[in-house]
Amino acid sequence: MSLEIMPVLDVVGIGPGNSAYLTLAGRDLIAQADVVAGFRTVLAVVAEHIRGEQVVLDYRNQVEGMTRVAAALQEGKRAVLCAHGDANFSGQELVLLARQTCGMVRLMPGISSVQIACARAGLAMEETLFITFHKRADITNDQAELAATVVGGRRNVITLPRPWDFMPAALARFLLAEGAAGAQPVTVYERLTLEGEAAHTLTLSELAERAEEFSDLSIVVIPRRE
Ligand SMILES: C[S@@+](CC[C@H](N)C(=O)[O-])C[C@H]1O[C@@H](n2cnc3c(N)ncnc32)[C@H](O)[C@@H]1O
């Protein structure tokens, strides 16, 4: 098959959950698609723009769902997979699934929750390390990099916790055990751009002892020291 007629799946970043942050280009791809796939909470954000068939994914049926999307592409239909935020920020498992089932994918950037956190905290991305724990893969190497960076203090860190076994308090306890200073400031941003958005600034020691659980939509920002 020549490249021009190879079917391509558009993976559209839909923003951090508030539909005001969907890009116009993403909106148009969704509206023009014959098939629109995504997790239920993601599709809900863009529901008013969907004209075609919806394929609702969950963690158990996602391969079957994406296989249906692949079949639609083979029939010459236009298909879109919606990704929360931007697929390049902690979206690799979804992109891999899309490639394995549909072949060629084209990424349409969206506004990531990580970018919103940068804006709220006033952080420059070029002075910041981004680490995600929100994945099924082993996180040991990421934990080591997190600890080295926070203890070194030369870069800001933005990190996504892992629901529910490596949430912000567990992350703080891990950092203290690795030698980070208890007085190190840290901010947890919850539900960015959504109803109930909150920012909690405290020390690592205070965070480690906090009993109240944060939302699964939380981002931890640890500013550098110099
Ligand atoms: C699998 S990651 C996907 C991130 C997404 N690709 C993005 O660019 O925002 C999901 C995690 O992102 C973070 N997240 C997503 N939306 C958020 C929001 N509105 N507020 C705070 N954190 C959010 C949370 O840590 C959540 O568990």
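A crossing of two helices is called right-handed if the near helix is turned clockwise from the far one by less than a right angle, and left-handed if the turn is anticlockwise. In this predicted model, helix α6 passes helix α7 in a right-handed crossing.

**Helix pair α6 and α7**

Two packed helices are described by the angle between their axes and the distance between the axes. For α6 (residues 140-152) and α7 (residues 168-177), the axes come within 10 Å and cross at roughly 65 degrees. On the α6 side the contact is made by Gln143, Leu146, Ala147 and Val150, and on the α7 side by Leu171, Phe174 and Leu175. Sorted by class, the residues of this contact between α6 and α7 are six nonpolar, one polar and no charged.

**Aromatic pairs**

A search of the whole structure finds four aromatic pairs, and two of these are set out below with their ring geometry.

| Pair | Centre to centre | Angle between planes | Class |
|---|---|---|---|
| Phe39 and Tyr59 | 4.9 Å | 45 degrees | tilted |
| Phe166 and Phe174 | 6.0 Å | 75 degrees | edge-to-face |

The pair of Phe39 and Tyr59 links distant parts of the chain, since Phe39 belongs to strand β2 (residues 35-39) while Tyr59 lies in the loop between β3 (53-57) and α3 (62-74), 20 residues apart. Phe39 has a relative accessible area of 17% and is therefore buried, whereas Tyr59, with a relative accessible area of 56%, is exposed.

In the pair of Phe166 and Phe174, Phe166 counts as buried because its relative accessibility is 5%, and Phe174 is likewise buried, with a relative accessible area of 18%. Ring pairs also link Phe133 with Phe166 and Phe174 into a cluster, and Phe174 is one of the α7 residues that make the contact with α6.

**Nonpolar cores**

In soluble globular proteins, nonpolar side chains tend to be buried together. The largest nonpolar core of this model has 36 residues, and those with the most contacts inside it are Leu9, Ile14, Ile30, Met66, Val69, Leu81 and Cys82. At least two residues of this core are supplied by each of β1 (8-13), α1 (24-32), β2, α2 (40-46), β3, α3, β4 (79-83) and α4 (92-102).

Which residues does Leu81 contact, leaving aside its neighbours within four places in sequence? Leu81 is then in contact with Leu9, Asp10, Val11, Val12, Ala37, Gly38, Leu57, Met66, Leu94 and Ala98. Apart from the largest core lies another core, of 24 residues, including Ala180, Leu207, Ala208 and Ile222.

Key:
Residues are numbered from 1 along each chain as its sequence is written. This is a predicted model: local features need pLDDT of at least 70, side-chain atom pairs count only at pLDDT 80 or more; totals for chains, interfaces and linings use all residues. Side-chain values use heavy atoms; hydrogens and water are left out. Axes are lines fitted to C-alpha atoms, for helices over the stretch in contact, and angles run from 0 to 180 degrees between N-to-C directions. Helices (H or I, at least four residues) and strands (E, at least two) are DSSP runs, numbered from the N terminus. Contact means heavy atoms within 4.5 Å. Ala, Val, Leu, Ile, Met, Phe, Trp, Tyr, Cys and Pro count as nonpolar, Asp, Glu, Lys and Arg as charged, and the others, Gly among them, as polar. Rings of Phe, Tyr and Trp (its six-membered ring) pair if their centres lie within 6.5 Å; planes under 30 degrees apart count as stacked, over 60 as edge-to-face and the rest as tilted. Buried means under 20% relative accessible area, exposed over 50%, partly exposed in between (1.4 Å probe, protein chains only). A nonpolar core is a set of buried Ala, Val, Leu, Ile, Met, Phe, Trp, Tyr and Cys residues joined through side-chain atoms within 4.5 Å.
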